[in-house]
Amino acid sequence: MENATKTVLLCGVGGQGTILAADLLAFSCMKAGLQVKVSEIHGMAQRGGAVTTVVRVGEDVKSMVSDAGCADVVVAFETTEALRNLPQLKEGGSLIVNDVAIRPLPVLTGAASMPENARERLREAGALLIDADAIARAAGNAKCANVVLVGALAARLDIPVEVWEETVAERVPQKTVEANLAALRAGRAVIENEEGE
């Protein structure tokens, strides 16, 4: 990774594993000898509320604050949160999105509606849409979609594969290590295949 501080914003809703994903990112970066600062915002509800985590990494990270238009990478765990956090992405930044839409409570109760043409709007913004849920199921555990997205992110950061794998093996529940490692590798492969085309 270059000396300049990199800002990664992870966003989703409660219950999707965004906090674990941020944890895997932060610990992998620390293992690689980088300085890390983390800032989290949790929604009102544990499940279904918006969760946003900013992870800033580099040789010398001055602040954990990230202004609009400053995120080098936005990793979104679903399309509505991807749209909501689009203003955080800097010009030329990477947008990695799990291609799933979760209907929040206001939509379920009829108080709000889902954003229209979400996929098209995200593609126009340069998003790489990944079916992380299907990839996780194929890797052996549907709950590993968050680690599929971490794998995709890992392919965009200059940190050795072994560091990511070591962190995953240490930080996830022991009985899920193999499925999570498979999910990490599968997510990374999506980016590598995309860039190889």
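These exercises work through the fold, size and core of a predicted model.

The model is predicted: local features need pLDDT of at least 70, side-chain atom pairs count only at pLDDT 80 or more, and totals for chains, interfaces and linings use all residues. Residues are numbered from 1 along each chain as its sequence is written, and side-chain values use heavy atoms, with hydrogens and water left out.

**Exercise 1.** State how many helices and strands the chain has, and their order.

Solution. Use DSSP runs, numbered from the N terminus: helices are H or I, at least four residues; strands are E, at least two. The count is eight helices and six strands. Along the sequence they read β-α-β-β-β-α-β-α-α-β-α-α-α-α.

**Exercise 2.** Test the radius of gyration against the globule rule.

Solution. Work over C-alpha atoms. The rule is 2.2 Å times the number of residues to the power 0.38. For 197 residues, a compact globule would have a value near 16 Å. The chain has 16 Å, so the two agree.

**Exercise 3.** Locate the largest nonpolar core.

Solution. Take buried Ala, Val, Leu, Ile, Met, Phe, Trp, Tyr and Cys residues (under 20% relative accessible area, 1.4 Å probe, protein chains only). Join them through side-chain atoms within 4.5 Å. The largest core has 44 residues; Leu10, Leu25, Val75, Ile130 and Trp164 have the most contacts inside it. Helix H6 (residues 145-154) gives the largest share, eight residues. A second, separate core has 15 residues, including Val54 and Ala127.

**Exercise 4.** List partners of Ile130 beyond four places in sequence.

Solution. Contact means heavy atoms within 4.5 Å. The partners are Ile96, Val97, Asn98, Asp99, Ile135, Val148, Ala152 and Val190.

Key: Buried means under 20% relative accessible area, exposed over 50%, partly exposed in between (1.4 Å probe, protein chains only).
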